[in-house]
Amino acid sequence: MSDPNENKTFNKEEGIHTDFIEKMTYGDYLQLDTLLSSQKRLSSHHDEMLFIIIHQVSELWLKLIIHETQAAIEAIKRDELQSSFKMLARVSRIQTQIIQAWDVLSTLTPAEYMEFRDSLGNASGFQSYQYRLVEFVLGYKTPHIMKIYEKDPELYKVLDEAYIAPGLYDVAIEALARNGFHIDKEVLDRDFSKTYTENESVEKAWLDVYKNVDNNWELYQLAEKLVDVEDCFQQWRFRHMKTVERIIGHKVGTGGSSGVGYLKKVLEHYFFPELWGIRTKI
């Protein structure tokens, strides 16, 4: 039974639109019919819905991370560093959302997951092309990964373009060079399809920025925004690893990876190594 007081309150709001025969609704704008009909369980198990939704929501957040990071890259190229700070700050906030998503997924017990795990076949988060795009824009390039996406030529093209393009750290280093800091030529002219490895000239440049903050305020802010992004990304990786360990232990992943072993290994990688190394030297 409806609350009569609620109806009275609604009636007082004379400006509320109720006639949508020829107008766009909230559901129309967000295409909710499509969005909310995309949770198709392959088993009859109750908890498969949780598993699907967590991963779909994470993919939506990854889409926004890519959108913001690519825009930040373009802003840094144009020396519009202030604009990039807003975008990178948003990325860090988004990352807190996908970190917390693991807390929800961790309510899935090993016994519950095993009830529908076989339904996944070889499908795995390891194959997420958006996750790969995030790694690529952050400068982590692994050639063997690309084979996963050969079945879809259009998708492969998108990934390949991101694979050979300069990442977020590459354009930050170029910004250092434009501001008069010496950067070795082999760094500026490097093959961007290779994963970045630390360089002494880059470390010295960032160290100078941190030791002369007042004279390099924008570059200092850029460096700290990059550290925020990497810090959050590593927290996400750690929570991913611990959630997987909690649910399947050390079993091989559905995609064929070593599971927890692989996730522990990638935790050792730094996207922006000099920005962490200089903290010992300041």
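Helices here are DSSP runs of H or I with at least four residues, and strands are E runs of at least two, both numbered from the N terminus. The model is predicted.

Q: How many helices and how many strands make up the secondary structure of the protein?
A: Let's start with the overall plan. Reading from the N terminus on, the elements run α-α-α-α-α-α-α-α-α-α-α-α-α-α. The count therefore comes to 14 helices and 0 strands.

Q: What share of the 282 residues in the protein is buried?
A: The C-alpha trace spans about 70 × 55 × 40 Å along its principal axes. The protein exposes about 16,600 Å², with carbon and sulfur atoms supplying 53% of it. Of the 282 residues, the buried share is 42%.

Q: What percentage of the contacts with a separation of 6 or more is between residues 24 or more positions apart?
A: One pair gives a feel for such contacts: isoleucine 76 touches Leu168, and these two residues are 92 apart along the chain. Across the protein, residues 24 or more positions apart account for this share of the contacts with a separation of 6 or more: 71%.

Q: Which helix gives the most residues to the largest nonpolar core?
A: This core has 74 residues, and Leu138, Tyr169, Trp206, Leu226 and Leu275 touch the most other members. Helices that each supply at least two residues include α4 (48–77), α5 (81–105), α9 (168–178) and α12 (217–248). The one that gives the most, with 13 residues, is α12.

Q: Which residues does tryptophan 206 touch, leaving aside those up to four places away in sequence?
A: Trp206 is among the core members that touch the most others. Another of those members, Tyr169, is also one of its contacts. The full set is Tyr169, Ala172, Leu176, Leu219, Ala223, Glu274, Leu275 and Ile278.

Q: Is isoleucine 76 buried or exposed?
A: Isoleucine 76 sits in helix α4 and touches Leu81, Ser84, Leu168, Val171, Ala172, Ala175, Arg178 and Leu222, not counting residues up to four places away in sequence. Its C-alpha atom is separated from that of leucine 168 by 8.6 Å. The relative accessible area of isoleucine 76 is 0% and the cut-off is under 20%, so this residue is buried.

Q: Why does serine 92 count as buried?
A: Serine 92 belongs to helix α5. Leaving out residues up to four places away in sequence, serine 92 touches Asp228, Val229 and Cys232. Buried means under 20% relative accessible area, and serine 92 meets this because its value is 10%.

Q: Which residue's side chain makes a polar contact with the side chain of glutamate 80?
A: Glutamate 80 lies in the loop between α4 and α5, and at 35% relative accessibility it counts as partly exposed. Its C-alpha atom is 9.9 Å from that of glutamate 218, a residue 138 places apart along the chain. The side-chain partner in the polar contact, at 3.1 Å, is arginine 78.

Q: What is the relative accessibility of tyrosine 26?
A: Tyrosine 26 is found in helix α2 (residues 26–30). Together with Met24, Tyr29 and Leu30, Tyr26 makes a nonpolar surface patch of about 520 Å². Exposed means over 50%, so tyrosine 26 counts as exposed, with a relative accessibility of 64%.

Notes:
Residues are numbered from 1 along each chain as its sequence is written. This is a predicted model: local features need pLDDT of at least 70, side-chain atom pairs count only at pLDDT 80 or more; totals for chains, interfaces and linings use all residues. Side-chain values use heavy atoms; hydrogens and water are left out. A nonpolar core is a set of buried Ala, Val, Leu, Ile, Met, Phe, Trp, Tyr and Cys residues joined through side-chain atoms within 4.5 Å. Buried means under 20% relative accessible area, exposed over 50%, partly exposed in between (1.4 Å probe, protein chains only). Contact means heavy atoms within 4.5 Å. Patches are made of residues with over 30% relative accessible area and no salt bridge: like charges are joined within 9 Å, nonpolar side chains (Val, Leu, Ile, Met, Phe, Trp, Tyr) within 5 Å. Accessible areas come from the Shrake-Rupley method with a 1.4 Å probe; for residues, only the protein chains shown count as cover. A salt bridge is a side-chain nitrogen of Lys or Arg within 4 Å of a carboxyl oxygen of Asp or Glu. A polar contact is a pair of N or O atoms within 3.5 Å; within protein, one must be able to donate a hydrogen and the other to accept it, and residues adjacent in sequence count only if both atoms are side-chain atoms.
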